[in-house]
Each structure stands twice: as structure tokens, then as C-alpha cells.
Amino acid sequence: MIPTITKKYQNVVISTGNIITTELGQRKSNEELYDGLKITLHSDPSVERVVVEKEIDELHGRVQRATQELTTRLTENGRNEISIGAKIFLNRHSTECVNQAVEALLNILSVTHVDNVVLAYHPNAVASATPVATTGGQPKSPCSEGISASKASTWSLRNGEEGVSELKELYQTLEQYALKQQITQLGIADLDAAALEELHKGAQVAPTIAQVNLSTCCVVPADLQEFCTAHDIQLNTHSDPELLLPEEQFAALAPDYSIDWSLRYQVHVRCRGVLTAKGYIVGASRSSD
């Protein structure tokens with residue numbers, strides 16, 4: 001296994017390419033990301049196919065896999081015939097990271113706009129993250145242990161007023177892309193009704209998508225349902241962990257680097273609802289010492 005990232009780059013962007021073409025399949029998001037990065041960052045010189053599919057952009061410090069195949073998937077139908085959605089996972093307050101993520105998404109997919117972007121911001125997620133499973137059973141959810149949805153686990157109480165203030169700044173960064181029509185719809189993940197209302201009332205571009213994680217909230221809270229209904233917000237469920245990949249696992253793939261942000265994109269053919277492309281993009285950096 002030969003790492004393709006070296007200390008030559010202070011900042012790197014890693015694109016897994018279209019993981020639908022690999023053996024990853026429909027798995028948990030943290031498993032998809034880990035295995036997608038493993039395929040992209042390491043290569044076996046005895047396996048020519050893997051080496052050929054990889055592209056290293058020396059100018060921008062990018063490692064991209066199967067770029068031609070992804071381009072084909074994105075252009076085999078007209079732009080108005082496909083829907084491109086993305087979800088940004090961020091665990092520290094940085095508007096620059098939001099900018100980097102959106103710019104990388106537009107650049108790597110070679111599109112002028114995407115249809116929706118959902119922001120998942122969890123600044124206190126490190127302690128509660130579940131590592132990628134390699135063996136054994138599935139982790140238990142609160143429901144399986146008889147724990148009902150608890151107010152004590154809401155986003156607002158976990159992250160406080162400071163977290164809400166930070167979230168607003170990050171969301172405002174996304175709004176600039178929406179105002180320039182580079183993102184058609186904005187969304188937010190895992191907020192309770194109080195935090196969503198606070199974000200909504202000060203937004204220039206109101207969120208139209210809200211995601212709730214049913215692995216930590218067995219029943220969608222009634223006040224959240226009511227708020228979304230009253231403000232025409234589409235309420236969806238998901239099962240993404242708050243931290244997609246712990247630092248120690250990423251460090252094993254790219255020594256000396258740490259993840260700044262990550263995102264997942266999905267491309268659907270509108271008329272058939274068929275998922276034609278899916279992948280992950282990660283921004284990472286190393287310390288300057």
C-alpha cells in the first residue's frame with residue numbers, strides 16, 4: 001500500500017469518485033467514507049487498474065479517483081434532467097471550511113449549481129462518535145434500549161447559545177451561494193425546534209429541508225413537526241453519525257493530516273428517481289510545525 005499524499009501539501013482535497021462503481025454498495029455513511037478514502041489514498045503497484053483510475057492534481061493538492069467515470073455519469077443526462085444534492089459534515093466553527101467544501105463540490109463535479117445542500121454542524125460530536133465497525137454486531141440505538149426521545153439530548157442544550165451563534169454564521173456562508181443561485185435549496189440537519197426557529201427567523205434564505213436522526217431520536221418531536229409544517233420545510237430522516245470519521249482512523253489513511261470538513265453528494269435522474277452517482281469529498285490539512 002503506497003500513500004499518494006505526502007507532506008508536500010499543507011491542504012489537500014480528496015475525492016472518492018463515484019462509489020457506486022465500487023464494491024461499497026449501500027452501507028453506513030462512515031463505512032462508505034472510510035473505504036472510499038482507503039481506495040483513493042492507497043494503491044497497490046501490482047494492480048494497474050487502481051493506479052490508472054487515480055488522478056493527482058499537483059497544483060491544488062487534490063487526489064481524485066475515477067474522474068472520467070464521474071464526468072460520464074454527470075453528463076450522460078442533461079443538467080436539467082438530474083438532481084444534485086450534497087450534505088456537508090462539519091465539527092468545528094469555520095466559515096472558510098464551508099466555502100472550501102462548496103467550491104470543491106462545484107469544481108470537482110464541474111457544475112455551475114447544485115440543487116440542495118444540507119449542513120450538519122456538531123461541534124461537540126467527538127466523544128459520542130461511533131468508529132467504523134469491522135467486526136461484531138450493530139451499535140444499539142436509544143430505541144433498542146428503551147430510551148425515549150429526551151429533551152436533554154437536543155442540539156440546543158448540547159451546544160448552547162454559542163453553538164447557535166456559530167451555526168448562524170456557517171449558514172450565512174451557505175446563503176451567499178444560494179443568493180448567487182449556485183445552490184437552489186438549503187437544508188439543516190439534527191436541529192431541535194428551538195434551534196431551527198432561531199436559525200429560520202434570521203435567515204435571508206430560509207431552509208426548506210430539515211433532517212432528523214432517528215438513531216438518537218426514536219420519534220420526531222411534535223414541536224419540530226409542527227414548525228416544519230407551518231414553514232413549508234421538508235422533514236426527512238437520516239442515520240449519519242455526528243462525526244463521520246474519527247481523527248485516529250483518518251490519520252491511519254493519511255498520516256500527519258486531519259479532516260477539516262467532509263461532504264457527500266448524490267446525483268439522481270429526476271424522471272426515474274435513479275441514483276446514478278454518489279461520492280465523498282474531504283478537505284484535510286496538516287499542522288505547520
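Here are a few friendly notes on the sheet and helices of this predicted model.

1. A good place to begin is the open sheet, which has ten strands with mixed pairing. Reading across, the order is β4-β5-β2-β12-β11-β6-β7-β8-β9-β10. At the edges stand β4 (54-57) and β10 (234-238); each has a single partner strand, so one side of each is left without a neighbour in the sheet. From one strand to the next, the twist averages 20°.

2. Next, have a look at β6 (residues 82-90) and β7 (residues 114-121), which run parallel and are joined by six bridges. Within this pair, Gly85 stands opposite Asn116 in β7.

3. Two helices are worth viewing against the sheet. Helix α3 (residues 67-75) lies across β4, β5 (62-65), β6, β11 (257-269) and β12 (274-286), and runs at about 135° to β12. Helix α4 (residues 95-109) also packs on the sheet, where the strands it touches include β2 (11-15), β7 and β8 (183-189). The direction of α4 makes about 45° with that of β11.

4. Finally, turn to a pair of helices, α6 (residues 193-201) and α7 (residues 222-230), which pack at an angle of about 25° with their axes 9 Å apart. Angles under 35 degrees count as roughly parallel, so α6 is roughly parallel to α7.

5. Which residues make this contact? On the α6 side they are Ala193, Leu196, Glu197 and His200, and these meet Asp223, Leu224, Phe227 and Cys228 in α7. By character, the residues of the contact divide into five nonpolar, one polar and two charged.

Note on methods. Residues numbered from 1 in each chain as written. Predicted model: local features only at pLDDT ≥ 70, side-chain atom pairs only at ≥ 80, totals over all residues. Heavy atoms only, no water. Pairing = 2+ DSSP bridges. Helix = DSSP H or I, 4+ residues; strand = E, 2+ residues; numbered from the N terminus. Axes fitted to C-alpha atoms, helices over the stretch in contact; angles between N-to-C directions. Contact = heavy atoms within 4.5 Å. Parallel < 35°, antiparallel > 145°, perpendicular 65-115°, else oblique. Nonpolar A, V, L, I, M, F, W, Y, C, P; charged D, E, K, R; others polar.
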